[in-house]
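Good morning, colleagues. I should like to take you through one structure today, beginning with a single loop and then turning to the chain as a whole.

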Amino acid sequence: MRKINNIIFFHLLSLFILLYMSTCVKCNKTPTSEELKAQKFPPCAACKVLINSFKKGIERTSREKFDGGDSAWEEDKLGSYSKSETRLIEIQEHLCKEVERGEIQCHALAEELESKIEDWWFNHQKTHPDIYDYICIQQTEHCCPKDHFGPKCTPCPGFPDNICNNNGKCKGAGTRKGNGGCFCDKGYEGDSCFNCASGFYESYRDENKLLCSTCHAACDGPCKGPGPKNCEKCMKGWNMVDGEGCFDIDECIKSDEYCSGNQFCVNKEGGYACLSCDKACNGCVGDGPDMCTKCAKGYHKKDNLCINSDLLGRKQQENMARYATYFGLCIATCIIFQRNIYIASVIGLLVGIYISVSEYMIAHSNLQDTAANVDILGPA
């Protein structure tokens, strides 16, 4: 019996996991081009998509003319191309083709409104130059004029110059939907967006205008004005001092409690950061090999600076090898000198030049290394 229960539980768990994975895949799935074309918008938004496509067609054909050689004769006999049936057909043939979202709905609406669009094209361009206003607002009543909302296109609160006290947007503005309430911008709240939200303070107010500014980063919630001294409550990392506001806590005073290992503490407003010590250090109070409390293995202190011990050893070996090479060249010159004074003189000259150039290059290299160390460590 217990075995059967375990099997049932296993199957239920597997089914749950499969359902969860299929839901996640569906949620995260990128819409295909066909799904985008089939997308549907509310009536006003759909009308805007159609009219915007029509306006693009007007722009696309703005420089075109009748086919043929004598455009003056064609204009005289056929009328102006700008308001001709030929141009209208050209626009309608490409209507909605550039629409990515809702193309199918756009084509259906274009067919439904074909007679109204043609009526505007031939009879109302002069009296109603804005086709959107004529089709979407007047003829179909899908949309409302700017800053109007609802079935009767009621003016938004504060219309025309003070919509939501200029601190928000009217819900449903421009459509036949919405309730005309205010959707406040960040930092504002209230029915008409005439109050400052938590975390903001009044930087300016009169009968018709309100400006809200962000409280200081030290403030946890509301504040009375700018700066950390006006906080009513402090964020973590700050201390409240009566009558003086919030003061930053310097966590680095007790750096051992916050930074562990081979790190040092850097204080920031409202917090701190732990940074790694230089590789030459085994514990440090700051950045660089001159800030070590102890030197790491393989390093030793010289003039308050942790230096690679192995590097100094290699330097001594290089010097000994170099001087031994010079000494060997001198001995070889002396041996050759006993047999042929001329050849010995030439070789001696070349050895002298070689030694001089080598020492110059080594000295120049040391100067560059010193300059690089100064750049890294900074001025003393």
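Please look first at Asn-304, in the loop that connects strand S13 (299–302) with strand S14 (305–308). Its phi is positive, about 65°, although Asn-304 is not a glycine. As background, most residues other than glycine have a negative phi, and most peptide bonds are trans. I should say at once that this is a predicted model, and I ask you to hear every value with that in mind.

Let me now describe the chain overall. It has 380 residues, of which 28% are buried. The secondary structure amounts to 11 helices and 14 strands. Of the contacts between residues at least 6 apart in sequence, 32% join residues at least 24 apart. The accessible surface is about 26,100 Å², and carbon and sulfur atoms account for 56% of that area.

Which residues touch the most other members of the largest nonpolar core? They are Leu-50, Ile-51, Phe-54, Tyr-132 and Ile-135, in a core of 25 residues. Two or more residues of this core come from each of helix H3 (43–60), helix H5 (85–93), helix H6 (103–112), helix H7 (114–124) and helix H8 (131–139). Another core, apart from that one, has 15 residues, among them Phe-149, Cys-156, Cys-196 and Ala-197.

Ile-51 gives a view of the packing in the larger of these cores. Beyond its neighbours within four places in sequence, Ile-51 is in contact with Ile-131, Tyr-132, Ile-135 and Cys-136.

Helix H8 deserves some attention of its own. Its buried residues are Ile-131, Tyr-132, Tyr-134, Ile-135, Cys-136 and Ile-137. H3 and H7 are included in what covers them. In general, an α-helix has 3.6 residues a turn, so residues three or four places apart point the same way. At the N-terminal end of H8, Asp-130 acts as a cap, with a side-chain oxygen 3.0 Å from the backbone nitrogen of Tyr-132. After H8 comes Glu-141, and its phi is positive, near 55°.

Another residue with a positive phi is Cys-96, at a value near 75°. Where does Cys-96 lie? The residue is in the loop between H5 and H6. Is Cys-96 buried or exposed? Cys-96 is buried, and its relative accessible area is 0%.

I turn next to a peptide bond. Phe-159 and Pro-160 are joined by a cis peptide bond, with omega about 10°. Pro-160 belongs to the loop between strand S2 (154–155) and strand S3 (168–170).

Among the strands, S9 (residues 238–241) and S10 (residues 245–248) run antiparallel and are joined by 4 bridges. Asn-239 has Phe-247 in S10 as its bridge partner. The two strands form a hairpin with 3 residues between them, and Gly-243 in the turn has a positive phi of about 80°.

Finally, I come to an annotation. An unreviewed UniProt entry assigns "domain: EGF-like" to residues 182–193. In the model, that stretch is 0% helix and 42% strand, and its end C-alpha atoms are 7 Å apart.

To close, may I direct you back to two places in the model: Ile-51, with its contacts to H8 residues such as Ile-135, and Cys-96, buried in the loop between H5 and H6. Thank you for your attention.

Methods: Residues numbered from 1 in each chain as written. Predicted model: local features only at pLDDT ≥ 70, side-chain atom pairs only at ≥ 80, totals over all residues. Heavy atoms only, no water. Buried < 20%, exposed > 50% of the residue type's maximum accessible area, 1.4 Å probe, protein only. Contact = heavy atoms within 4.5 Å. Areas by Shrake-Rupley, 256 points an atom, 1.4 Å probe, with all protein chains shown as cover. Core = buried A, V, L, I, M, F, W, Y, C linked by side-chain atoms within 4.5 Å. UniProt positions renumbered as here; feature names shortened; annotations may be inferred. Polar contact = N/O pair within 3.5 Å; in protein donor to acceptor, adjacent residues only side chain to side chain. Pairing = 2+ DSSP bridges.
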